[in-house]
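Subject: Structure for your review

Hello,

Below is the structure I said I would pass on. My notes follow it.

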Amino acid sequence: MVDTFYLHLEFTGKNGWSINLPFLCTKCGTCCTLEDFLTAGKINAKPEEHPKVHAKLKALFEELGKMWEADESKYETYTMHNPCPFLVKNSCTIYEIRPDGCRLFPKTAFGMQSQDCEPLTRFRKMCAALKKGRTHTGTYYFTGKTMGSAKCDEPIKPSKFTQKQYQACVAKLRQAGMTDDELTLFNDFNGQNKSCVRTC
Ligand code: SF4
Ligand code: SF4
C-alpha cells in the first residue's frame with residue numbers, strides 16, 4: 001500500500017517538455033494478500049512503542065518457522081492462501097507503522113512485475129501511451145504523502161509543457177483508462193489545480 005510515486009518523463013527535441021505521471025493506490029488491499037508481506041521488512045516502530053504488534057509478529061514468525069521445518073509444502077500453502085494478519089476489512093490496521101516494503105509497493109523490483117494491482121496495470125498502459133513514438137527519459141520519484149498535504153516530504157519535480165501538449169496527454173491517458181481520481185492527482189502533480197499558477 002503505497003501513498004504515491006510518480007514518473008517524471010522528459011521528452012527531448014527542439015522544444016523539450018516534461019510531464020509527471022503519478023500512481024494512485026486505491027488501498028484495495030490486494031497486495032496485502034500476496035505472500036510477500038512476510039518479506040516486506042520490519043515494522044516502523046520499536047517494541048516498547050507497539051508491544052502488541054511486535055508480540056503478534058513474533059508469534060506468527062515462530063509458528064511459520066515451525067511449519068517450515070515440519071512441512072515445507074504446508075508452509076507454502078499457508079503463505080499463498082493467508083493474507084497479512086494486519087489486514088482487516090481490506091484495511092491495514094498498522095498503516096502508520098507498516099514496513100517499508102508495504103509503503104513502497106508496487107514501486108519495488110517485485111512489485112513492478114505484479115499483475116495483481118489494477119492501478120499498476122493502468123499505470124503501465126498510461127506510461128506506454130505517453131511514451132509511444134517519443135524520445136524520452138524517465139525518472140521515478142517517491143513521495144510518502146499525497147499531494148495537497150502541507151507536509152509533503154519533497155517538492156514535486158516541476159513539469160514543463162504547453163496547454164496543447166497537456167490536453168493531448170490527458171486525451172491519451174483517458175484513452176488508456178485513467179480514472180477521475182487519477183486525473184485529479186495528475187492535475188495536482190502537474191500544477192494544474194486551481195491554486196497553482198503556471199506560465200506556459
Ligand atoms: S494492490 Fe495496488 S492499489 Fe491495491 S493496495 Fe496494493 S498498491 Fe494499492
Ligand atoms: S502490514 Fe499493512 S500494508 Fe503491509 S501487508 Fe500487512 S496489511 Fe498490508
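**Helix α6 and its surroundings**

β1 (4-11), β2 (17-22) and α5 (163-175) are among the elements that cover the buried residues of α6. Please keep in mind that this is a predicted model.

The helix itself spans residues 180-189, and its buried residues are E182, L185, F186 and F189. These four lie on the same side of α6, because the arc they cover around the axis is only 105 degrees. Just past the end of α6 comes G191, which has a positive phi of about 65 degrees.

**The chain as a whole**

The chain has six helices and five strands. Read from the N terminus, the order of elements is β-β-α-α-β-β-α-α-β-α-α. The chain has 200 residues, of which 22% count as buried; E182, L185, F186 and F189 of α6 are buried residues. If one takes the contacts between residues at least 6 apart in sequence, 73% of them link residues that are at least 24 apart.

**Ligand 1**

How many residues surround ligand 1, and which are the closest? The shell consists of 14 residues, and C25, C28, T30, C31 and C117 are the closest of them. Sorted by class, the residues around ligand 1 are ten nonpolar, three polar and one charged.

Regards

Key. Residues numbered from 1 in each chain as written. Chains lettered and ligands numbered in written order. Predicted model: local features only at pLDDT ≥ 70, side-chain atom pairs only at ≥ 80, totals over all residues. Near = placed C-beta within 6 Å. Nonpolar A, V, L, I, M, F, W, Y, C, P; charged D, E, K, R; others polar. Buried ≥ 20, exposed ≤ 12 C-beta atoms within 10 Å, placed from the backbone. Helix = DSSP H or I, 4+ residues; strand = E, 2+ residues; numbered from the N terminus. Arc of directions from axis to C-beta. Contact = placed C-beta atoms within 7 Å.
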